[in-house]
Amino acid sequence: LLPLLPLLLPAAHGIAQLGPRPALTQEQLEGVTTASTFVLEQPRCVFEEYGNAVIWLVVALDKDASNFNNSAGPGTPETEFQSFPDPVRAYMTLNATLGSYPCPKPPGDITVLRVGSETSCAQDVSRPTCNGPLPGPGPYRVKFLALEGSVPVAETAWSVPITLRTAKSPSSIPTTGSGHSAGMIAITAILSILFAILLAALVAMLVFWGSDSCGGSSAFSKPESVTVRRYNTHHVYDQPAARL
């Protein structure tokens with residue numbers, strides 16, 4: 001039994017439970033949650049003792065998280081994205097080695113993971129670990145799971161439930177009778193009146209200028225230029241008296 005003891009100890013201890021649990025990012029980013037994605041903080045300084053492991057993200061519906069089997073391998077029919085959430089209750093995606101999550105976090109780096117960002121592989125069954133768009137608002141729970149080969153060695157706790165945004169139904173859109181729409185109508189009416197006043201003032205100004213121009217032309221006329229001819233005076237000589 002002694003040669004088997006080192007093999008039995010890991011099984012007796014089970015999978016190492018590590019913290020902290022996954023959480024939405026605290027970075028000031030647009031779209032931390034959308035209708036089909038959400039943004040997590042990367043698991044920095046969590047799996048430092050498992051340098052040979054591959055770290056996977058497990059995504060499940062809130063109601064199904066507790067039933068996930070850690071021995072289910074990634075990329076299998078049991079965990080493929082394309083069959084989530086029915087019949088597959090949880091899928092595995094975003095695999096990375098420890099080198100992708102250096103510790104400590106480099107200053108200024110934004111260390112996040114956007115879950116649900118790949119649309120090109122959503123229907124591609126040849127990519128069962130696709131990080132495809134989430135199929136509904138959830139709520140979802142996620143955890144990180146470290147595998148050495150096919151053996152799970154460490155994991156985080158499940159996150160708190162994460163609910164995505166939902167599109168507004170047509171019935172919830174404000175109608176023209178609402179206060180917001182009434183205000184917009186009042187502003188539009190005021191702007192229309194001001195525009196009409198401005199247009200009327202402009203027309204009146206043009207009429208005034210036109211009438212002033214016509215009156216001026218009738219009251220004043222350009223005097224005709226007077227041409228004065230210049231005559232050269234010839235020298236006048238006394239004619240001798242006619243002889244009788």
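Select F84 in this predicted model. F84 has a relative accessible area of 9%, under the 20% cut-off, so it counts as buried. Add Y91, which is buried as well, with a relative accessible area of 0%. The rings of F84 and Y91 form an edge-to-face aromatic pair, 4.9 Å centre to centre with 65° between the planes.

Keep F84 and add Y140. Here the ring centres are 6.3 Å apart and the planes stand at 35°, so this pair is tilted. F84 sits in the loop between β3 and β4 while Y140 belongs to strand β6, so the pair ties together parts 56 residues apart in sequence. Both F84 and Y140 are buried. Add F81 to complete the view: F81, F84, Y91 and Y140 make up one aromatic cluster. The structure holds 4 aromatic pairs.

Next, the nonpolar cores. Select F38, L40, F47, V59, V115 and L134, the residues with the most contacts inside the largest nonpolar core, which has 30 residues. Elements giving two or more residues to this core are β2 (38-41), β3 (54-61), β4 (90-97), β5 (112-115), β6 (140-148) and β7 (151-156). Centre on L134 and show its surroundings: leaving aside residues up to four places away in sequence, L134 touches A35, S36, T37, F38, V59, Y91, V115, G116, Y140 and L164. Then select W56, F68, A90 and L147, which are included in a second, separate core of 10 residues.

Now the charged pairs. The whole structure has 6 salt bridges. Select R141 and D62, whose closest N and O atoms are 2.5 Å apart. This salt bridge links distant parts of the chain, with R141 in strand β6 and D62 in the loop between β3 and β4, 79 residues apart. R141 is partly exposed at 21% relative accessible area, and D62 is partly exposed at 28%.

Move to K63 and D64, a salt bridge with its closest N and O atoms 3.2 Å apart. K63 counts as exposed at 58% relative accessibility, whereas D64 is buried at 10%. For another salt bridge, select R127 and E118, where the N to O distance is 2.8 Å. R127 is partly exposed, with a relative accessible area of 35%, and E118 is partly exposed at 26%.

Last, switch to a surface view and select F195, L199, L202, V203, M205, L206, V207, F208 and W209. These residues make a nonpolar surface patch of about 970 Å². Within it, V207 lies in helix α2 (residues 179-219). V207 has 55% relative accessibility, over the 50% cut-off, so it counts as exposed. In soluble globular proteins, nonpolar side chains tend to be buried together.

Notes: Residues are numbered from 1 along each chain as its sequence is written. This is a predicted model: local features need pLDDT of at least 70, side-chain atom pairs count only at pLDDT 80 or more; totals for chains, interfaces and linings use all residues. Side-chain values use heavy atoms; hydrogens and water are left out. A nonpolar core is a set of buried Ala, Val, Leu, Ile, Met, Phe, Trp, Tyr and Cys residues joined through side-chain atoms within 4.5 Å. Buried means under 20% relative accessible area, exposed over 50%, partly exposed in between (1.4 Å probe, protein chains only). Helices (H or I, at least four residues) and strands (E, at least two) are DSSP runs, numbered from the N terminus. Contact means heavy atoms within 4.5 Å. Rings of Phe, Tyr and Trp (its six-membered ring) pair if their centres lie within 6.5 Å; planes under 30 degrees apart count as stacked, over 60 as edge-to-face and the rest as tilted. Patches are made of residues with over 30% relative accessible area and no salt bridge: like charges are joined within 9 Å, nonpolar side chains (Val, Leu, Ile, Met, Phe, Trp, Tyr) within 5 Å. Accessible areas come from the Shrake-Rupley method with a 1.4 Å probe; for residues, only the protein chains shown count as cover. A salt bridge is a side-chain nitrogen of Lys or Arg within 4 Å of a carboxyl oxygen of Asp or Glu.
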